[in-house]
Amino acid sequence: MLSPPVNLHILDQHVVMDNGLVNVTLSSPQGMVTAIQYNGIDNLLEPNRETSRGYWDIVWGNPEHLGGTYDLLEGTRFSVVMEDENQLELSFTRTWDFTLDGDIVPLNIDKRFIMLRGSPGFYSYGILEHLDGWPDVNIYQGRIVFKLEERLFQYMAVSDERQRIMPTKEDRVNGQVLDYPEAVLLTNPSNPFLRGEVDDKYQYACDDKDNRVHGWICSDPPVGFWMITPSDEFRTGGPVKQDLTSHVGPTTLSSLGKRKGKKRRVQRKSNTHYAGESLAIKLRSGEPWKKVFGPVFVYLNSASPDEDVQTLWEDAKEQMLTETQSWPYDFPLSEDFPRADQRGTVSGRLLVRDRYINEALMTANSAFVGLASPGDTGSWQRENKVDFRFHLSATRLEHQLTCVRDGNYNLYAWVPSIIGDYKYEALINIIPGRHIRLGALVYDPPREGPTVWEIGIPDRRAAEFYVPYPNPALMNQLYVNLSDRYRQYGLWDRYSDVYPDEDLAYTVGISNYEMDWFFAQVNRNVGNKTYIPTTWRIIFDLDDVSETGNYVLRLAIASAHEAELQVRVNEADVTTPPHFTTGFIGKDNAIARHGIHGLYWLYAMEISGSQLVTRSNTIYLTQSRGKSPFKGIMYDYIRLEGPPETK
């Protein structure tokens with residue numbers, strides 16, 4: 001009640017939202033954030049073109065042509081949705097029609113900005129709409145971005161462990177570009193402490209389930225600028241989809257993609273990071289579609305000069321918890337954003353049945369359980385057109401999905417330490433205000449017989465395997481003592497250092513996968529930028545072979561990029577036809593982007609007992625596509641099962 005009221009000032013080419021704590025200027029009718037005034041600082045944003053300070057953007061393309069077109073989603077009409085002393089909501093819209101040129105995405109655009117009384121920040125959400133009969137379009141990226149004043153913001157925080165003083169844009173310009181433009185060796189940075197380090201924005205990516213708050217800190221005066229994304233429901237690809245956070249610029253974003261500049265042709269890089277083009281939103285002429293992205297919250301905080309600036313990060317985390325617990329918000333006024341009383345709830349209990357692990361049913365502890373579009377088992381990780389709702393359970397007996405938008409869904413799940421994906425076959429129809437109780441659901445994971453041997457942990461990541469130390473000349477000091485050492489640059493070339501003469505050989509019962517299984521099966525660097533395929537061997541003894549029985553080799557893959565995995569049993573000649581091949585798989589590029597996982601792939605290969613021998617056997621795993629350091633596979637888990645046991 002003591003906070004000043006919210007005010008709107010309408011100027012010739014701008015509008016200003018002001019609540020006494022923060023002052024936000026937007027271009028009108030374009031809807032670009034051109035200035036943010038806070039704590040005595042006239043503008044927290046960088047002093048460049050107004051269109052490149054705070055903006056929404058997408059990269060889209062005609063399905064028949066390579067590449068994409070960059071669109072800043074500039075509005076052509078401004079309107080006030082709500083204005084009173086407690087809340088402002090502004091709308092910047094653009095309506096598409098067939099007379100517009102080919103650089104304008106065929107979508108209706110509605111960008112909304114909200115300011116609340118007493119709140120040190122503002123909210124933004126976007127509504128995209130494709131009408132029936134409009135042209136075919138692929139959407140490769142979408143995001144909201146803020147470029148901050150570099151002289152003020154030099155300290156970046158992504159998590160409790162990942163925060164540091166960052167290089168400048170000029171440091172990158174003066175550095176040495178490495179294997180791709182995003183990775184630069186800092187040869188003469190303005191901060192000597194950073195000399196000899198690698199800066200690469202992919203080093204600061206993270207899973208969406210962990211991507212709730214990140215941003216920058218200004219030390220003088222102590223001010224924090226934070227992007228808070230309170231929900232995953234509008235993001236593509238599920239809770240373990242990886243994406244960008246903050247990086248050199250200084251830039252902070254809520255990411256469904258990336259890139260900068262005015263409308264132009266660009267390479268297809270987007271929210272398809274760590275997944276490939278299967279996550280592009282593909283809309284066709286007879287397909288009406290509408291989706292709300294956000295709201296996200298731009299949160300500003302400050303501290304007194306004698307306080308530790310780290311308190312700004314701690315305060316931002318507390319605000320993030322407040323925002324996530326408030327989801328879905330009750331103040332956005334678009335009818336396309338349903339409030340809590342317009343949503344439904346689903347609850348049930350997921351159990352796991354695998355008699356080769358436990359004769360009794362097992363509670364699915366730490367399971368990921370979610371609702372997504374009806375599809376095949378595991379299709380949730382490629383979800384892109386509709387909202388979904390995922391829940392990470394702890395050790396509770398009941399899994400509950402609250403505040404689910406109305407519609408028809410399948411229920412999907414996966415359980416760390418258990419191979420494969422679960423799908424509840426019946427459609428679930430969510431009705432506003434309705435609570436659906438499913439009772440006990442039982443997941444029977446893929447299994448034919450007892451475990452003969454296994455390598456790794458079935459958690460959809462390759463983090464448990466051997467991650468080498470980076471080349472000392474290509475390090476990021478932040479990750480020297482952190483567990484996620486896989487975020488260091490250039491680890492793909494360390495394979496040839498660890499295995500200079502022969503490819504990896506793993507002996508079951510003797511080798512230790514934490515030390516003896518390289519985290520990625522990459523190509524071998526033989527010099528002169530030449531890379532050749534590699535063949536790994538799994539050597540194992542069998543005391544007794546069932547010649548008439550069938551064995552099963554299960555291969556769970558955590559990541560694949562332009563790869564082909566060929567499997568041979570007791571056959572070393574890679575020129576002979578393989579017993580099994582995945583064919584060409586993957587476009588997630590997680591090896592280059594320090595991701596430790598991309599999309600999940602699961603294969604089963606039947607091996608006749610006649611192919612095996614008593615005592616020593618060898619399975620040969622060949623990643624057959626060479627030429628590039630980034631073509632390869634990360635394994636999640638490998639298991640050999642014996643013939644089924646009869647009770």
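Leaving aside its neighbours within four places in sequence, with which residues is Asp421 in contact? The points below take up this question and some further local features of the model, which is a predicted one.

1. Surroundings of Asp421. Apart from neighbours within four places in sequence, the residues in contact with Asp421 are Thr377, Gly378, Trp380, Ala413, Trp414, Tyr443, Arg460 and Tyr600. Asp421 itself belongs to the loop that runs between strand 31 (407–414) and strand 32 (422–430).

2. Burial and polar pairing of Asp421. The relative accessible area of Asp421 is 18%, and Asp421 is therefore classed as buried, the cut-off being under 20%. Among its contacts is Arg460, and here the two side chains form a polar contact at 2.8 Å.

3. The cis bond before Pro29. Between Ser28 and Pro29 the peptide bond is cis, and its omega is near 15°. Pro29 is placed in the loop between strand 3 (22–27) and strand 4 (33–38).

4. The cis bond before Pro328. A cis peptide bond also leads from Trp327 to Pro328, with omega near -5°. In this case the proline sits in a loop that has helix 2 (310–325) on one side and strand 26 (344–352) on the other.

5. Backbone of Cys403. Which sign does phi of Cys403 take? The value is positive, near 55°, in a residue other than glycine. Cys403 is part of strand 30, which covers residues 399–404. Its relative accessibility is 15%, so Cys403 counts as buried.

6. Backbone of Asn589. Asn589 is not a glycine, yet its phi is positive, at about 55°. Where does Asn589 lie? Its position is in the loop between strand 43 (585–587) and strand 44 (601–608). Asn589 has a relative accessible area of 16% and is therefore buried.

7. Domain annotation. An unreviewed UniProt entry lists residues 365–437 and 451–640 under "domain: Rhamnogalacturonan lyase". For residues 451–640, the C-alpha atoms at the two ends are 6 Å apart in the model. That span is 4% helix and 39% strand.

8. Items for inspection. A reader with the structure open may wish to view the side chains of Asp421 and Arg460, which are in polar contact. The backbone features to view include the cis bond from Ser28 to Pro29, the cis bond from Trp327 to Pro328, and the positive phi values of Cys403 and Asn589.

Key: Residues are numbered from 1 along each chain as its sequence is written. This is a predicted model: local features need pLDDT of at least 70, side-chain atom pairs count only at pLDDT 80 or more; totals for chains, interfaces and linings use all residues. Side-chain values use heavy atoms; hydrogens and water are left out. Buried means under 20% relative accessible area, exposed over 50%, partly exposed in between (1.4 Å probe, protein chains only). A polar contact is a pair of N or O atoms within 3.5 Å; within protein, one must be able to donate a hydrogen and the other to accept it, and residues adjacent in sequence count only if both atoms are side-chain atoms. Contact means heavy atoms within 4.5 Å. UniProt positions are given in the numbering used here, feature names are shortened, and annotations may be inferred rather than shown by experiment.
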